[in-house]
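Colleague: Please take a close look at the empty space in this model, the pockets and cavities. Walk me through what lines them.

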Amino acid sequence: MAPPPPPATELMEELVGEILLRLPPDEPEHLFRAALVCKPWLRVLCDPAFRRRYRVFHGAPPLLGLLHRLMVFQGPPPVRFASTTSMPDFPHPGSDGRRTRPLDCRHGRVLIHMLEECWSAGYLVWDPTTRDKHSLPEPRIKWLIYSAAVLCAADGCDHLDCYGGPFRVVFMGTLEDEDNIVACVYSSETGMWSVPVSLDSSCEAFVKHMRYGRAVRPWYTPYLQPRRGTLVGDAIYFSIREGNTIVKYEWGQNCMYLIDPPSPDVYDIALMALDDGSLGFACIVGSSLHMWSRKVNSGGAAEWVQFRVIELATIIPGADSDEGPLVVDFAEGVDVTPKDDDFDERPFLVGFAEGVGVIFISTGAGLFTIELKSERVRKVDEPGVYFSVLPYMSFYTPDHGRLLSLARIH
């Protein structure tokens with residue numbers, strides 16, 4: 001005897017679920033409104049099974065907004081989360097008056113350096129959608145300049161639903177008392193920082209880099225660019241200001257390497273995590289965006305291969321500045337520290353959002369994104385001084401944040 005058909009209410013909820021599944025994740029306002037329609041819709045949207053299906057159906061988490069950081073001499077940026085979607089702004093954990101310095105956004109988390117008047121109060125790992133916060137101490141390193149990254153540490157995670165899982169914080173910085181760069185990693189599972197590892201004379205590439213830098217300036221220091229790191233596989237990449245030399249840190253092996261860039265004589269660059277799993281490099285020359293990928297050739301050696309050039313003047317307002325490209329001659333010891341006018345007049349490359357293939361470019365007309373697959377351009381913020389954009393990507397569904405109150409209201 002055939003089993004009885006499911007009740008009409010179950011069929012209706014299944015049909016509603018199929019419809020709601022197709023609401024665009026980069027416009028979470030649609031999910032907000034759908035959850036307010038009636039109790040059955042709210043029940044569907046708050047079902048963990050639906051939330052998981054929604055994330056798998058849409059793949060990479062959408063870009064919901066951004067923070068940004070400035071160079072050290074410019075100080076901490078204003079406490080502000082710039083939303084790129086219809087979602088409400090997130091309250092910033094530094095909104096109670098404390099000084100903060102955002103360092104990274106990745107895998108649904110934000111890494112913030114908490115500052116007091118004359119000392120550091122450590123780091124904060126914050127999930128804006130769930131409001132979860134985890135405090136951790138700084139590594140015992142006397143740094144001159146630094147950057148750091150936060151990432152999910154769950155084995156086999158597809159990073160569609162990292163909420164509440166273990167995380168790592170990777171620190172890299174130039175030492176205050178030595179001409180060297182160090183790195184270490186914090187584990188939320190052990191609550192400890194690893195033993196720092198540094199570049200030294202055993203690294204031939206580092207010796208070559210220091211020799212090159214001191215030929216220009218006897219007092220040369222390998223100044224780590226305080227930009228957002230780039231995650232590719234089990235390694236994180238940062239860059240050194242002089243010559244755009246790239247520093248690779250593999251936290252599993254606790255080892256560091258230097259990589260020569262494809263173009264050493266431009267100032268504003270971005271490292272990228274490309275869809276094929278390779279490291280990408282982008283820079284602006286004049287009004288053109290040039291991009292390379294680091295590939296392994298037939299001989300087993302890694303080399304840079306240029307794969308694309310985009311003419312920005314035809315797609316981004318203000319990218320055809322007549323100021324000329326910010327190209328420098330390091331052999332002449334030119335000071336390449338950009339002034340405010342450089343940011344205002346020239347197209348300036350300020351970041352990349354992995355997973356969604358979006359690059360950020362600032363001009364005198366504002367901050368813009370370019371979707372590399374389609375070359376679609378969007379203005380996401382007003383004109384200002386930008387140095388390193390921290391893109392926040394996550395699924396924002398009715399089980400999170402303020403929408404948890406909907407279940408109680410209804």
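**Pockets and cavities**

Modeller: In the largest pocket, 35 residues form the lining, and those nearest the centre are His107, Asp158, His159, Leu231 and Glu354. Keep in mind that the model is predicted. This pocket holds about 760 Å³ of space. Two elements give two or more residues each to its lining: strand 7 (143–152) and strand 12 (230–232). By class, the lining of the largest pocket splits into 18 nonpolar, nine polar and eight charged residues.

Next, the second largest pocket. Its space comes to about 350 Å³. It is lined by 16 residues; Leu274, Asp275, Gly357, Leu372 and Lys373 are the closest to its centre. Strand 18 (288–296) and strand 19 (302–311) are the elements that give two or more residues to this lining. Strand 19 supplies the largest share, three residues. The lining of the second largest pocket counts seven nonpolar, three polar and six charged residues.

Now the enclosed space. Searching the whole structure turns up four cavities of 30 Å³ or more. The largest cavity has a volume of about 190 Å³. Its lining is made of 16 residues, with Arg227, Arg228, Thr230, Ala270 and Leu271 nearest the centre. Four elements give two or more residues to that lining: strand 13 (235–239), strand 16 (269–273), strand 20 (348–353) and strand 24 (388–393). Eight of the lining residues of the largest cavity are nonpolar, six are polar and two are charged.

The second largest cavity holds about 90 Å³ of space. Its lining consists of His107, Arg109, Val125, Trp126, Asp127, Asp132, His134, Cys162, Tyr163, Gly164, Gly165 and Phe167. That makes five nonpolar, four polar and three charged residues. His107 appears here, and His107 is also among the residues nearest the centre of the largest pocket.

Two of the cavity-lining strands lead further. Take strand 24, which gives two or more residues to the lining of the largest cavity. Strand 24 belongs to an open sheet of three strands, in the order 2-1-24 with antiparallel pairing. Strand 24 and strand 2 (82–83) are the edge strands of that sheet, each pairing on one side only. Strand 1 (residues 63–69) pairs with strand 2 over two bridges, in the antiparallel sense. Within that pair, Leu66 stands opposite Ala82 of strand 2.

Then strand 20, at 348–353, another contributor to the lining of the largest cavity. An annotation covers these positions: an unreviewed UniProt entry lists residues 348–370 as "transmembrane region". In the model, residues 348–370 are 0% helix and 74% strand, and the end C-alpha atoms of the span lie 13 Å apart. Glu354, one of the residues nearest the centre of the largest pocket, and Gly357, one of the closest to the centre of the second largest pocket, also have numbers in the listed range 348–370.

One helix to finish. Helix 4 (residues 48–58) buries Phe50, Arg51, Tyr54 and Arg55. Viewed down the axis of helix 4, these buried residues fall within an arc of 135°, so they line one face. Pro48 and Val56 are exposed, on the face of helix 4 turned away from the buried side.

Methods. Residues are numbered from 1 along each chain as its sequence is written. This is a predicted model: local features need pLDDT of at least 70, side-chain atom pairs count only at pLDDT 80 or more; totals for chains, interfaces and linings use all residues. Side-chain values use heavy atoms; hydrogens and water are left out. UniProt positions are given in the numbering used here, feature names are shortened, and annotations may be inferred rather than shown by experiment. On a 1 Å grid over the protein atoms alone, a cavity is a set of points where a 1.4 Å probe fits but cannot get out, and a pocket is an open set with protein on both sides within 12 Å along at least five of seven lines; lining residues have an atom within 4 Å of a point. Grid points are joined across faces, edges and corners, and a volume is the space filled by probe spheres set on the points. Ala, Val, Leu, Ile, Met, Phe, Trp, Tyr, Cys and Pro count as nonpolar, Asp, Glu, Lys and Arg as charged, and the others, Gly among them, as polar. Two strands pair if DSSP finds at least two bridges between them. Buried means under 20% relative accessible area, exposed over 50%, partly exposed in between (1.4 Å probe, protein chains only). The arc is that of the directions from the helix axis to the C-beta atoms.
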